[in-house]
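Open the model in your viewer and keep the sequence panel beside it. The tour goes from the whole chain down to a single residue.

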Amino acid sequence: MVSNLKFVTTAVLTIFTFSFAADVTLSIDGSSLNYVSTVDVYGFQFDHEGCAIDANGGDAAANGFTVSTSATVVLAFSFSGSFIPAGSGTLVDLGSECESLSDFVFSGADGVSLEVELSDGGGDPVTYSQIQDIFNNNS
């Protein structure tokens, strides 16, 4: 009985948490902009204060994205329609350490706007595989 109650409580809390969670959670680790995403990412844009003018690489480049930068903006998308699959990793190497990024615009399939959150780095982020394990082990 207690085991079933624990399972139901965990399931309800998990569903509630993910209902209000961002589609993409970002964190900065040195010069790496890391992500955990529950959906495929088809493009992204964000502002910076001159610290990411050399941004490149990461999963954006590995998935065929063109990463364009200016003195204050990073923009990345694919001309061929490829995407960054749901999961986690390094989205892009910022080229130097950035303390502040803002005005995130992320797109999913068919141009759907994605909810984005920049984590303050407190605690370890939950990975996509951990989310899958929760649902697979409790079903």
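What share of the contacts in the chain with a separation of 6 or more comes from residues 24 or more positions apart? The figure is 71%. Keep in mind that this is a predicted model.

**Stop 1: the whole chain.** Select everything and colour by secondary structure. Three helices and nine strands appear. Now trace the chain from the N terminus. The order of elements is α-β-β-β-α-β-β-β-β-β-β-α.

**Stop 2: the surface.** Switch on the surface display. About 8,100 Å² of the chain is exposed, with 53% of that area supplied by carbon and sulfur atoms. Of the 139 residues, 26% count as buried.

**Stop 3: confidence.** Recolour by pLDDT. The average for the chain is 84, and 73% of the residues reach at least 70. Next, select residues 7–19. Here the pLDDT is below 50. Beyond near neighbours in sequence, the stretch has five contacts in the model.

**Stop 4: strand 1.** Select residues 24–29, which form strand 1. Within that strand, pick out serine 27.

Is serine 27 buried or exposed? It counts as buried, because its relative accessibility is 18% and the cut-off for buried is under 20%.

**Stop 5: around serine 27.** Which residues does serine 27 touch, leaving aside those up to four places away in sequence? Show Ser32, Leu33 and Asn34 as sticks, then add Leu118 and Ser119. Those five residues complete the list of contacts for serine 27 under that condition.

Conventions: Residues numbered from 1 in each chain as written. Predicted model: local features only at pLDDT ≥ 70, side-chain atom pairs only at ≥ 80, totals over all residues. Heavy atoms only, no water. Helix = DSSP H or I, 4+ residues; strand = E, 2+ residues; numbered from the N terminus. Buried < 20%, exposed > 50% of the residue type's maximum accessible area, 1.4 Å probe, protein only. Contact = heavy atoms within 4.5 Å. Areas by Shrake-Rupley, 256 points an atom, 1.4 Å probe, with all protein chains shown as cover. pLDDT = per-residue confidence, 0-100.
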